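Open the structure in your viewer and keep the sequence panel beside it. Each stop below says what to select and what is there.

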Amino acid sequence: MLIAGFPAGAWGTNCYLVAPAAGEECVIIDPGHEATEGVEETLKKHRLKPVAVVLTHGHLDHVASVVPVCGAHDVPAWIHPADRYMMSDPEKALGRSIGMQLLGELTVGEPDDVQELTDGTELKLAGLEFTVAHAPGHTKGSVTFRMPETAEIPSVFFSGDLLFAGSIGRTDLPGGDHAEMLGSLARVCLPLDDSTVVLSGHGPQTTIGRERATNPYLREVAAGLGGGSAAVPRRGM
């Protein structure tokens, strides 16, 4: 399997291109702010043909390049219905204080083809399988994508802004909810095997085992505390 990722734009949002191998069809995950050039360079480098864009949530730093990427390749975008409005109205999703100075540079709106994600869906795209888990907390429509373990590689978990190396997503923006975040961490992350590779929306890759042992938020959830006393700053837009 091929996973090619790069940080894009003002928020360093990780965009991923996933394919069975070089020269085959691929899925693009979270083409955010200023991601279009990186997407095209990665497609060319690995001779990939996109068949879909899938989105972990609707914040501007994860969806800002959806319209040009989908339009250039005539592919659909998949998003949870609770976050769909954010593609057309990012100011409502973020408030005026975050990133609004960028709106003049961006093409906001929906691509021609939008498909909606639901909890438990098994997405089969480009010869790959992704299990969707609804994981509210950062936004109401946040989701994660998990790929199954194979003989060659461990399970891969695209966590969006739910779980980061050493931290979690912020919950102080419109639609954020700390209690929902803790519930999503418990329901979606804790049951995963320690060997699961975590590819998050920001920052370096990690594993569930490493986060279970060292991430203060995940440790609190695992211990049944859920008090939000961890002092590590939360991340994401």
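Begin with helix 3. Its buried residues pack against strand 3 (25–29), helix 1 (36–46), strand 4 (49–54), helix 2 (60–63) and strand 5 (77–79). This is a predicted model, and the tour goes from single elements to the whole protein.

**Stop 1: helix 3**

Select residues 66–73, which make up helix 3. Which residues of helix 3 are buried? They are Val66, Val69 and Cys70. These three cover an arc of only 95 degrees around the axis, so they lie on the same side of helix 3. The spacing has a general background: an α-helix has 3.6 residues a turn, so residues three or four places apart point the same way.

Now turn to the face of helix 3 that points away from the buried side. The exposed residues Gly71 and Ala72 are there. Then select aspartate 74, which follows helix 3 and has a positive phi, near 55 degrees.

**Stop 2: strands 1 and 2**

Go to strand 1, residues 2–8. Colour Leu2, Ala4, Phe6 and Ala8 in one colour; they form the covered face. Give another colour to Ile3, Gly5 and Pro7, which form the uncovered face. In a regular strand the side chains alternate between the two faces of the sheet.

Add strand 2, residues 13–19, to the selection. How do strand 1 and strand 2 pair, and over how many bridges? The sense is antiparallel, and there are seven bridges. For one position in this pairing, select glycine 5 and look across to tyrosine 16 in strand 2, which stands opposite. The two strands form a hairpin with four residues between them, and glycine 9 in this hairpin has a positive phi near 75 degrees.

**Stop 3: the six-stranded sheet**

Show strands 7, 8, 9, 10, 13 and 14 together. They form an open sheet in the order 7-8-9-10-13-14, with mixed pairing. Strand 7 (122–125) and strand 14 (206–207) are at the edges; each has a single partner strand, so one side of each is left without a neighbour in the sheet.

Within this sheet, select strand 9 (residues 143–147) and strand 10 (residues 156–160), which run antiparallel and are joined by three bridges. Methionine 147 is opposite valine 156 in strand 10. Next add helix 5, which lies across strand 8 (128–134), strand 9 and strand 10. Helix 5 runs at about 145 degrees to strand 8.

**Stop 4: salt bridges**

Side chains of opposite charge can pair when their charged atoms come close. How many salt bridges does a search of the whole structure find? The search finds six.

Select glutamate 116 and arginine 84, whose closest N and O atoms are 3.2 Å apart in a salt bridge. This pair links distant parts of the chain: glutamate 116 is in strand 6 (residues 114–116), arginine 84 is in the loop between strand 5 and helix 4 (90–94), and they are 32 residues apart. Glutamate 116 is partly exposed, at 39% relative accessibility. Arginine 84 is also partly exposed, at 25%.

Move on to aspartate 194 and arginine 212, whose side chains meet in a salt bridge of 2.7 Å, N to O. Aspartate 194 lies in the loop between helix 5 (178–189) and strand 13 (197–200), and arginine 212 lies in helix 6 (residues 208–214), so the pair ties together parts that are 18 residues apart in sequence. Aspartate 194 is partly exposed at 44% relative accessibility, and arginine 212 is partly exposed at 25%. Then add Glu110 to Arg84 and Glu116: salt bridges that share partners join these residues into one network.

**Stop 5: arginine 210**

Stay in helix 6 and select arginine 210. Arginine 210 is partly exposed, with a relative accessible area of 47%. Leaving aside residues up to four places away in sequence, arginine 210 touches Gln205 and Asn215.

**Stop 6: the whole protein**

Clear the selection. The protein has seven helices and 14 strands. Of its 237 residues, 53% count as buried. Among contacts between residues at least 6 apart in sequence, 62% join residues at least 24 apart. Finally, show the surface: the accessible surface comes to about 9,700 Å², and 49% of this belongs to carbon and sulfur atoms.

Technical notes
Residues are numbered from 1 along each chain as its sequence is written. This is a predicted model: local features need pLDDT of at least 70, side-chain atom pairs count only at pLDDT 80 or more; totals for chains, interfaces and linings use all residues. Side-chain values use heavy atoms; hydrogens and water are left out. Buried means under 20% relative accessible area, exposed over 50%, partly exposed in between (1.4 Å probe, protein chains only). The arc is that of the directions from the helix axis to the C-beta atoms. Contact means heavy atoms within 4.5 Å. Two strands pair if DSSP finds at least two bridges between them. A salt bridge is a side-chain nitrogen of Lys or Arg within 4 Å of a carboxyl oxygen of Asp or Glu. Axes are lines fitted to C-alpha atoms, for helices over the stretch in contact, and angles run from 0 to 180 degrees between N-to-C directions. Accessible areas come from the Shrake-Rupley method with a 1.4 Å probe; for residues, only the protein chains shown count as cover.
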